[in-house]
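Me: I've got a structure here and a pile of terms that people throw around. Can you walk me through what earns each label?

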Amino acid sequence: MSVGKFATLLGILLAFVTMAAADERHVLRYDAPAKDASLVNKGKGKKPPKLGYIQTALPMGNGRLGAMFSGGIDTEHLLINDITLWMNAKRGMDEAAQSGTRTVASEDFETVRKAYREGKYGTKPGSMESLSTKYLSSTEPLGNYAPFTDLMISSGHDPAQVRNYRRSLDSRTGLGTVSYSIGDGTFTREFFCSYPHDVVVARYTAEGAKLNLTIHTTTQHKGAQVSAADNRIILSGKAKMVQDDVEFMQIVQIDAGDADVMPQPDGSVKIAGASDVTIVLAGYCDYLPVYPSFKGRDYQADCEKTITTAAKLGFDSLKKSHVDDVSKIMDRCRLELDFKPSGLTTDKLVSGDGSLELENLYFHYSRYLQLCCSRGAPVPSNLQGLWNADLKPAWNCDYHTDINVQMNYWMVDPANLSESFRPFVQWTKILAESGSHTARETFGVEKGWSMGLNGNVFGFTAQNEHGRRNQQGGHWLCQNLFDHYAFTQDRAYLEEIYPILKGSAEFFVEYLAAWKDGTLVVYPTWSPENSYLVKQYGKLNKQAYGASWDQQLVLNLFTDCIEASTVLRRDEDFRKTLQEIIPNLCPQKIGQYGQLQEWPEDWDNPKDTHRHISHLIALHPGRDISPLTTKELHQAALVTMKHRGDESTGWSTGWKTCFWSRLHNGDRAHKIYQFLTSKRAYPNLFDFHPPFQIDGNFGGAAGVCEMLLQSHLRSVNADAKTIEEAAFVAYQKDPKQPNHFVPVAPDERLADAPYILHLLPALPSAWPSGEVKGLKARGGFEVEMQWSDGRLVQATIQASRSGDFRIYAGKTLSEVISLKDGESMNWPPSRE
């Protein structure tokens, strides 16, 4: 063999070895089963242990259908969820009533607003909160996300006799495995939840022994019917609603080869003498995203069709299509930090003080969770993503619009999972339809739509039942919608969402009101979920006017609408209206401590460590505060971050990772991310709020993306040599009041302004060497980077659509670079 051929062969072998080693970075491993406490003490008034099933079992999902497996030796417990199954709400009412809104007379709304203008703080009768509760807040039931079923597979094995127990989940392939030995027998289980075929699949195999299994299924919903015949178990049930119960069905089909399969009168199935058993599960409810009925799916026919198709294909075919599907998407984006694997199980990694190994795994796992709980369904991931075992889950396991549902989607585009955004779009369309009734009936606004704090799958857009939680949420939802366009540059998508953006902007055009100083503010409102003037009025004094987060988001929304209408060449008059309003919005202000004020009044307390830091939305996920372009606002944001401190709840820790990344402090961002992964993660890496909330997983992964690549700034001056001169700046210092920063109205040039790709903007010193591929940048570009000794070695930028961009790296701004669809280029450019 020639030297050249040998070198080529060696390179190929090394590549395979490297890829195999890299794939291990995706795997969660355990040497014991999960703590199956989810069904213990139900209905006895006792709280489950701190670590139970949800915190230790391993999740799977296809976006609509979800499962978790425990790996129990005597009994395997598979928790099954359908993301559209809710209970304790209403559906099928008339269009206005379905929104949950409260009909308010104009004079009553004015009574509420008058209390704000007169500063009626606190919670006593006549206060802002009490009047908001009395006149504006809905009394309609929101309901809650509900568990679907539980599938139990009993083996009769004695845990005391087990050797070599292993339980794992490969987040690259979406395959779960359990294996152990008893005597001369080796027992293996495989699990996955298939997107291509919409089923949960389990396979049990035995070598040197036989399998004797009992399979039964149950649900926590009362009145369910379970029957077994031949090789099937059928469960039919209803989730109790205040109006119009939700019906559902599940079919479990079993293939045990030549073994005995014996259906039992209690609806279970016994299997005797098997070597190989495949179990396929399909389940649906009658929900459809049709306002206001929210029903109509032929769930029984869909169950039959799905289970029949899957059963005919068999395990190997189902597994191959599943692995091909998941791995293709997961392989788009890979993070490779430089570390030596420890060999520790995942729970041991989490119980330590943090490591690069855990940080690398957490990022991949978060992408996997995103793919599992947001894909192909008509509703987005909720507070727990997809996985819920409780009839009364924390915070209803609902959709909170004061950060949580938005945070669930921050990492979707940067981490190259753009198809996972679709459920968010579908849900927001329903909200815009429903919210038009809330805008009109509650606030007297005839155009556009309004959204409150809490949402469900039935179009609930009303104000929360507690006045101190009165807020608007449409502007923040629209921020996510437009940012998805910024990444994809998909004009057809922009056409689709433009009515939603415009509708939200139309609402605020009418809802904004002049304050005492003549500027326009949002009210009633609050700054989620913080209090002010606590000594005077108590810790529940939260309702306010012109809170900074609202004002920042309204500017963001109006700017996005101006760009969208420019790109689509429509609504020129409305565009001009927005441009005229923007300079009249209440300015952002720097307060007495040098902090960015949370409210128009200087009420901030430097000892306040509240988990919500909503008044920094313009820093992240917004784009209007930057160390590169708004130096004074950047310094004020730094003061705020120092006041709030580092340690917080899980989701807040994820957000702080993003904040410090946008502040270009990589070491501080890494410190927060390390805390998130080691101190705010359960053994199965679910985010520890507490209890479990999935937004922390997604916020943390978004923070990793922000450390490595940022693309939110725009170059409006192609001839500028510095980023300060090139970038669009959304806030301008008021010459009459130096601590006030007035919103700037963009002109139509912003629509064509190239995005600036900032490479390694917050690389932590703890990650001196590494590689990332498949990060996405706004403008429609994909980026791969290698770095060593804390410095960029090379980046490759590929265009998914023809377009222009500029690169900012090493404190140097490039000229405008143009790439056609599919073209790529290296940075720094080759000198040859």
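Reply: Sure, here is a run through helix packing, cavities, a pocket and a few backbone spots. Keep in mind that this is a predicted model.

Me: Start with α9 and α20. Why is α9 called oblique to α20?

Reply: Helix α9 (residues 356–373) and helix α20 (residues 695–708) pack at an angle of about 125 degrees, and their axes are 9 Å apart. Roughly perpendicular covers 65 to 115 degrees and roughly antiparallel needs over 145. An angle of about 125 degrees fits neither, so α9 counts as oblique to α20. The crossing of α9 past α20 is left-handed.

Me: Which residues make the contact between α9 and α20?

Reply: On the α9 side you have Y362, F363, S366, L369, Q370 and C373. From α20 come G696, N697, F698, A701, V704 and C705.

Me: And what makes the contact of α9 with α20 nonpolar, polar or charged in its parts?

Reply: By class there are eight nonpolar, four polar and no charged residues in that contact. Tyr and Cys count as nonpolar and Gly as polar, so Y362 and C373 of α9 go with the nonpolar group while G696 of α20 goes with the polar one.

Me: Now α12 and α13. How do you know which way they run relative to each other?

Reply: Look at the angle: α12 and helix α13 (residues 491–511) pack at about 160 degrees, with axes 10 Å apart. The cut-off for roughly antiparallel is over 145 degrees, and therefore α12 and α13 get that label. As for handedness, α12 passes α13 in a left-handed crossing.

Me: What meets what where α12 packs on α13?

Reply: α12 brings G474, H475, C478, L481, F482, H484 and Y485. α13 answers with R491, Y493, L494, I497, I500, L501, S504 and F508. Sorted by class, the contact of α12 with α13 has ten nonpolar, four polar and one charged residues. Arg counts as charged, so R491 of α13 is the charged one.

Me: On to the holes. How many cavities of 30 Å³ or more are there?

Reply: The count comes to nine. What makes a space a cavity is that a 1.4 Å probe fits but cannot get out. The largest cavity holds about 250 Å³ of space, and 21 residues line it, with D560, R623, D624, H712 and R714 closest to its centre.

Me: Which element gives the most to the lining of the largest cavity?

Reply: That's α15, with five residues. Both α12 (474–488) and α15 (548–568) supply at least two residues each. The lining of the largest cavity divides into nine nonpolar, five polar and seven charged residues. Asp and Arg count as charged, so D560, R623, D624 and R714 belong in the charged group.

Me: What about the second largest cavity: how much space lies in it?

Reply: About 190 Å³. It is lined by 17 residues, and the closest to its centre are Y409, W410, D483, P621 and R778. α12 and α20 are the elements that give two or more residues to this lining, and α12 gives the most, with five. By class the lining of the second largest cavity has eight nonpolar, four polar and five charged residues.

Me: Then what makes the second largest pocket a pocket, not a cavity?

Reply: A pocket is an open set of points, whereas a cavity is one the probe cannot get out of. The second largest pocket has about 420 Å³ of space. Of its 20 lining residues, Y485, Q489, A751, D752 and A753 lie nearest its centre. Elements giving two or more residues are α15 and β34 (803–809), and the largest share, three residues, comes from α15. Its lining has seven nonpolar, five polar and eight charged residues.

Me: Last topic, the backbone. Which peptide bonds are cis, and where do their prolines lie?

Reply: One is the bond from Y291 to P292, with omega near 5 degrees, and P292 sits in the loop between β18 (276–285) and α6 (299–313). Another joins W827 and P828, where omega is about 0 degrees; P828 is in the segment after β37 (824–827).

Me: Why does D571 get a mention for its phi?

Reply: Most residues other than glycine have a negative phi. D571 has a positive one, near 55 degrees, and is not glycine. You'll find D571 in the loop between α15 and α16 (572–581).

Key: Residues numbered from 1 in each chain as written. Predicted model: local features only at pLDDT ≥ 70, side-chain atom pairs only at ≥ 80, totals over all residues. Heavy atoms only, no water. Axes fitted to C-alpha atoms, helices over the stretch in contact; angles between N-to-C directions. Helix = DSSP H or I, 4+ residues; strand = E, 2+ residues; numbered from the N terminus. Parallel < 35°, antiparallel > 145°, perpendicular 65-115°, else oblique. Left-handed = near helix turned anticlockwise from the far one by under 90°. Contact = heavy atoms within 4.5 Å. 1 Å grid on protein atoms, 1.4 Å probe; cavity = no way out; pocket = protein on both sides within 12 Å on 5 of 7 lines; lining within 4 Å. Points joined across faces, edges and corners; volume = space filled by probe spheres on them.
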